[in-house]
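Grab a pencil and work through these short exercises on charged pairs and a nonpolar core. Try each task before you read its solution.

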Amino acid sequence: MGYGIASDNRAAKRPLGIVTKNSATSPDQVQFDPATGEITDRSTQSARAERWALKSVVNKLLSGDRVSKCMVLRAPIPGRGLSQIEVHKGQTHGKAFYHGLMACGSVWTCPVCAAKIAERRRVELQQALEAAKAKGWGIHFVTLTVPHGIGDDLHEILGKLSTALKKLSGNAPFKKAKAQTGLQIYGYIRAQEVTYGQNGWHPHYHLIVFTKETCGSSVIQYLYSGAWQRACVKAGLPEPHPVHGCTVQDGREAAMYVSKWGI
């Protein structure tokens, strides 16, 4: 997958950072989940065009922020002035991109930088999964959610979710369940996602949990479900559903999730 604007003779005559007229993605070009609004399938070209269309909007909404200067202004070189703008071709995907422009590195507010960061993280996750398989570790894909509604304040929910996750592994139900199962957890990789659907904002966590040995999903479900309910209540969130609030799938689902992360 390429990142940046592919250049040709016509594009070279346009100011940097301007999205072409045909860059907007029409609804019939993509497939999405109507419940969450998550896009499930689209072409590489339409995805790239959408990122730059979103970037154009972000530049206007956050005109005084660093993100508005990202991929628009020339990058400064300490003691040497400003960078020269060049067009390079990536070795991995063969896509053209600009070199010498400022990059904000914001994973939340910049559609362009977020795509690059997500791709690098996806590669790292794939490497982690392969290493875990080689060691014979158990891999489990855990999704943690809370009840949400159309009038919820996203900023408030995100803060409470962060608090709940911190309380999760340290609360009594988690420690008790862990002792009862005798399960040894080496650690986990966390990803926070926010989707939007008919019930408003839907922030949630995905955890890829690594255990000493393979075990059934029901063991991990028992370990996390009650502890997650208690942690959410203590953080001031509604109590999650005992089944839907915490779902557990095996390592194959984790690998599938990682493989489509950057799409």
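**Exercise 1.** Work out whether Glu156 is buried, partly exposed or exposed, then find its salt-bridge partner.

Step 1: Glu156 has 43% relative accessibility, so it counts as partly exposed (buried is under 20% relative accessible area, exposed over 50%, partly exposed in between, with a 1.4 Å probe and protein chains only).

Step 2: Its side chain meets that of Lys160 in a salt bridge, 2.9 Å from N to O (the rule: a side-chain nitrogen of Lys or Arg within 4 Å of a carboxyl oxygen of Asp or Glu).

Step 3: Lys160, at 25%, is partly exposed too.

Step 4: The two sit four residues apart in helix α4, so about one helical turn separates them (helices are DSSP runs of H or I, at least four residues, and strands are runs of E, at least two, numbered from the N terminus).

A quick note on the source: this is a predicted model, where local features need pLDDT of at least 70 and side-chain atom pairs count only at pLDDT 80 or more, while totals for chains, interfaces and linings use all residues. Residues are numbered from 1 along each chain as its sequence is written, and side-chain values use heavy atoms, leaving out hydrogens and water.

**Exercise 2.** Find the salt-bridge partner of Glu119, and say whether Glu119 is buried or exposed.

Step 1: Glu119 pairs with Arg122, at 2.6 Å from N to O.

Step 2: Both lie in helix α3 (residues 111–135), three residues apart.

Step 3: Glu119 is buried at 12% relative accessibility, and Arg122 is buried at 14%.
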